Amino acid sequence: MSAKDKQVGGKHYKKYAIQPVEFCQKNNLNAIESSIVKYAVRHRDKGKRQDIEKIIHYAQLLLELEYADKT
């Protein structure tokens with residue numbers, strides 16, 4: 001069995017043609033970018049409003065860490 005065929009703690013990613021972890025890995029996304037993708041994909045099925053708030057928080061972190069010196 002492939003690790004991609006298994007999901008611990010729910011089924012919310014298994015219904016997609018490509019799981020967020022595969023997309024993020026193939027596109028060389030960093031941890032913050034990967035978290036944004038993960039929460040965007042699952043918000044309807046799992047975290048609802050809280051996942052959108054997490055996306056906003058991660059986007060703010062990305063701005064601070066990647067673009068703080070570039071304003």
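Select helix α2 and place a distance between its two end C-alpha atoms: at 1.5 Å a residue the 12 residues of this helix should span 16 Å, and the end atoms lie 17 Å apart, which agrees. The model on the screen is a predicted one, so every distance on this tour is a computed value for that model.

**Along helix α2**

With α2 (residues 31–42) still selected, colour Ile32, Ser34, Ser35, Val37, Tyr39 and Arg42, which are the buried residues to look for in this helix. Now bring the other helices into view, and you will find that the buried residues of α2 pack against α1 and α3.

**Stepping back to the whole chain**

Show the whole protein as a cartoon, where the secondary structure comes to 3 helices and 0 strands, following the pattern α-α-α when read along the sequence. If you then colour by burial, buried residues make up 25% of the 71 residues. With the surface switched on, the protein exposes about 5,600 Å², of which carbon and sulfur atoms supply 54%. Among contacts between residues at least 6 apart in sequence, 35% join residues at least 24 apart.

Colouring by confidence is a useful next step for a predicted model. The mean pLDDT of the protein is 89, and 87% of its residues reach 70 or more. Confidence is lowest in α1, with a mean of 95, and highest in α3, with 97.

**The aromatic pair**

Which two residues form the aromatic pair, and is it stacked or edge-to-face? The structure holds 1 aromatic pair; select Tyr39 and Tyr58 to see it, a stacked arrangement with 5.9 Å centre to centre and 25 degrees between the planes. Tyr39 lies in helix α2 and Tyr58 in helix α3, so the pair ties together parts that are 19 residues apart in sequence. The two partners can also be described by their cover: Tyr39 counts as buried, at 8% relative accessibility, whereas Tyr58 is partly exposed, with a relative accessible area of 22%.

**The salt bridges**

Side chains of opposite charge can pair when their charged atoms come close. In this model the count comes to 3 salt bridges, and each can be visited in turn.

Begin with Asp45 and Lys15, whose side chains meet in a salt bridge at 2.9 Å, N to O. This pair links distant parts of the chain, with Asp45 in the loop between α2 and α3 and Lys15 in the segment before α1 (20–26), 30 residues apart. Asp45 is partly exposed, with a relative accessible area of 36%, while Lys15 counts as exposed at 55%.

Move next to Arg42, one of the buried residues already coloured in α2, and add Asp51 to the selection. Their side chains meet in a salt bridge at 2.8 Å, N to O. Are these two partners buried or exposed? Arg42 is buried, and Asp51 is buried as well.

For the remaining stop, select Arg49 and Glu53, which form a salt bridge with the closest N and O atoms 2.9 Å apart. Both residues lie in helix α3, 4 residues apart, about one turn of the helix. An α-helix has 3.6 residues a turn, so residues three or four places apart point the same way. Arg49 counts as exposed at 64% relative accessibility, and Glu53 counts as partly exposed at 41%.

**Further along helix α3**

Stay on helix α3, which covers residues 49–67, and select Ile56 within it. At 45% relative accessibility, Ile56 counts as partly exposed, because that value falls between the limits of 20% for buried and 50% for exposed. Add Ile36 to the selection and draw a line between the two C-alpha atoms: they are separated by 8.3 Å, although the residues are 20 apart along the chain.

End the tour at Leu65, which also lies in helix α3. Leu65 is exposed, with a relative accessible area of 62%. Select Ile32 together with Leu65, and the C-alpha atoms turn out to be 9.9 Å apart in space, for residues that are 33 apart in sequence. Ile32 itself is among the buried residues of α2, the helix from which this tour set out.

Notes
Residues numbered from 1 in each chain as written. Predicted model: local features only at pLDDT ≥ 70, side-chain atom pairs only at ≥ 80, totals over all residues. Heavy atoms only, no water. Buried < 20%, exposed > 50% of the residue type's maximum accessible area, 1.4 Å probe, protein only. Contact = heavy atoms within 4.5 Å. Areas by Shrake-Rupley, 256 points an atom, 1.4 Å probe, with all protein chains shown as cover. Phe/Tyr/Trp six-rings, centres within 6.5 Å; stacked < 30°, edge-to-face > 60°. Salt bridge = Lys/Arg side-chain N within 4 Å of Asp/Glu carboxyl O. pLDDT = per-residue confidence, 0-100. Expected span 1.5 Å × (residues − 1).
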